[in-house]
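Trainee: I would like to go through this model step by step. Where should we begin?

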Amino acid sequence: MMDAGRSFSGNERNCCFLNIGDGAFADISAISGLDYPDDGRAIATTDWDNDGDLDLWISNRNGPRLRLMRNDTGNGNRFISFLLKGNGISSNKDAIGARIEISANEEKGNPTLIQTVRAGQGFLSQSSKCIHFGLGPTTATINMQIRWPDGSIDSFQKISTNKRYVIDQQNPKPVEMRSRNEPIELSPSAAQRNEPQSTARTPAITLFKAPNFTFQTKEGKRIILPQGKPLLINLWATWCAPCIKELADLSDHEELLRKSGIDVIAINVDQLSSTDINPEKISEVLKKLKFPFLARNATEPMIDLLQRLHDQLIGLNEPLPIPSSFLIDASGNLSVIYKGPLEVDQLIADKDHSTGTLNERIIRSAQIKGTTIKHPKSMQRSSAHEASIHSRHGRNWLMAGNMEGSIYHYSMAHGLDPQSQTISSNLALSHFNMAAQLNSKTNQIAAIFHYRSGLKYQPKNQAARNNLAWILATSSEEQIRNPKEALKMATLLNQETDKKIPQVLDTLAASQAANGEFQMAVNTIKNAISFLKVKPDANLLKSLQYRLSLYSEQKIFTDSGSKRTEK
């Protein structure tokens, strides 16, 4: 819905409708006291103050996050309330699905009232499990029937009203429930309404790695940003009056920004929209402002990267306005996006936003001051949700063939949800793919690192173990080759595969030769060739025959050819 550009809140007031008994409802929103302009999400009913009528708890997406609407009508009507407990054998212990029917004793003309115990009664809400019946002012006793979830029925006569009862299926007898002796004190607070701002400030909860940008200094030196300290990337244009004011503010606060450790680069977008822009005009604006930070012209790839970074964090994927700014933290993560002119004081306050725990970032990112629920299950759910976001982005990078991005996001997801087998498997796969890419580029040290990293999460992956053993046995670089480890890995892998996989036998033979065991290598390679009679593979057969000739001459095989060993 957000990506489609629709509003998350229509600013609609709450509504309340009264059942007038003839199949129709009357709109009593205005006189009910419930018609707040909140962005309401869930409502739950319960007799919170034990006065015999139902009160309402309402949760909102905005402030106030919770409202208790206490029912103080005081109309003198009576009530009765039941809490059912199933036997835990033929019925569930919460008695979900049980149906209660009551009728007023010795009062004709009153309808039979029916309610069912439910596990959920609305969007994102669960009301009290106590079944509450509102009655007339003269109903002193009622008759009652319970149909339990297993189909059994219990009936009761002349139960006194204006009381609460517990009924246990194992001993079906109404037992009066004691009320709370002391009221629960609540601390009300006034709803906070944020004033409309000219800047949309979006702090990051999920940390996304920002790209590096390469520029040249005035001296012609190559510089890569960010450089281990917070960096503000500011997009501006000469025709944008708020941009000019923003650049002036940054210039005026140079000392404060540098003292805070924040670096700034101003990126001008004029020439992206028009080729008629005179470059000297851009320089004149910066010179007039005495802009003390690095300033460069934007390129299409650079803006595309920033737009993609914006779209990862913000659901409504609209083109970036001018001015826009990106705060990148010292670790290279996107910290805050500002759309519209920013305030320097706010920028400095945001410098450390991305540090700390997930819970701390959630609190700092909230538009309304408050706290989070610190129950272990709630904290676990937050971590699982954050892990799912990183996992989704990890999959996107994996499908796009960018293993670096995939490893980053799956590593973040694994840290948040280490028990997920799916995350562990995809993290391992990303490392293995990265290793294969690096090995094909003869960067074998990095390939070995990624094979070992992936095997931490998927230690039984046979293909990865075989590839790692192959590099350790056949690398042309002495500092990389490790024949003993390769032989140990290949021997174990060969046993696990019942000594029937030609590729594994090929690795084992290379490892044996690397350890000087040439006759064993010859026997192993012949065994590998024999299996190709069942499943022919011309390319593999040619490679095996070539290596057989090497081992027969007591030469080891390396990825750059052959090497004779000293006897």
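Trainee: In which strand does Ile131 lie?

Mentor: Keep in mind that this is a predicted model. The strand in question covers residues 131-134. Ile131 therefore belongs to strand β9.

Trainee: Is Ile131 buried or exposed?

Mentor: The cut-off for buried is under 20% relative accessible area. Ile131 has 5% relative accessibility, so Ile131 counts as buried.

Trainee: Which residues does Ile131 touch, not counting residues up to four places away in sequence?

Mentor: Leaving out those sequence neighbours, the contacts of Ile131 include Gln115, Thr116 and Val117. Ile100 is also on the list. The remaining contacts of Ile131 are Ile80, Ser81 and Phe82.

Trainee: How far apart in space are Ile131 and Asn143, C-alpha to C-alpha?

Mentor: In sequence, Ile131 and Asn143 are 12 residues apart. In space, the distance from C-alpha to C-alpha is 15 Å.

Trainee: Which cysteines form a disulfide?

Mentor: A disulfide is a covalent bond between the sulfur atoms of two cysteines. A search of the whole structure finds one. Its sulfur atoms are 2.4 Å apart, and the cut-off is within 2.5 Å. The pair is Cys240 and Cys243.

Trainee: What is the handedness of the link of Cys240 and Cys243?

Mentor: The angle about the S-S bond is 80°. The link of Cys240 and Cys243 is right-handed.

Trainee: Are Cys240 and Cys243 buried or exposed?

Mentor: Cys240 has 5% relative accessibility, and Cys243 has 0%. With the cut-off at under 20%, both Cys240 and Cys243 count as buried.

Trainee: Why is there no bond from the sulfur of Cys15 to the closest cysteine sulfur?

Mentor: Cys15 is itself exposed, with a relative accessible area of 53%. The closest cysteine sulfur to that of Cys15 is in Cys16. There is no bond because the distance is too far, at 8.9 Å.

Trainee: In what order do the three strands of the open sheet come?

Mentor: The pairing in this sheet is antiparallel. The edge strands, each pairing on one side only, are β3 (40-46) and β5 (66-69). Neighbouring strands are turned by 20° against each other on average, direction ignored. The order is β3-β4-β5.

Trainee: Which residue in β5 stands opposite Ser59?

Mentor: Strand β4 spans residues 55-60. β4 and β5 pair in the antiparallel sense over four bridges. The residue opposite Ser59 is Leu66.

Technical notes: Residues are numbered from 1 along each chain as its sequence is written. This is a predicted model: local features need pLDDT of at least 70, side-chain atom pairs count only at pLDDT 80 or more; totals for chains, interfaces and linings use all residues. Side-chain values use heavy atoms; hydrogens and water are left out. Two strands pair if DSSP finds at least two bridges between them. Helices (H or I, at least four residues) and strands (E, at least two) are DSSP runs, numbered from the N terminus. Axes are lines fitted to C-alpha atoms, for helices over the stretch in contact, and angles run from 0 to 180 degrees between N-to-C directions. Buried means under 20% relative accessible area, exposed over 50%, partly exposed in between (1.4 Å probe, protein chains only). Contact means heavy atoms within 4.5 Å.
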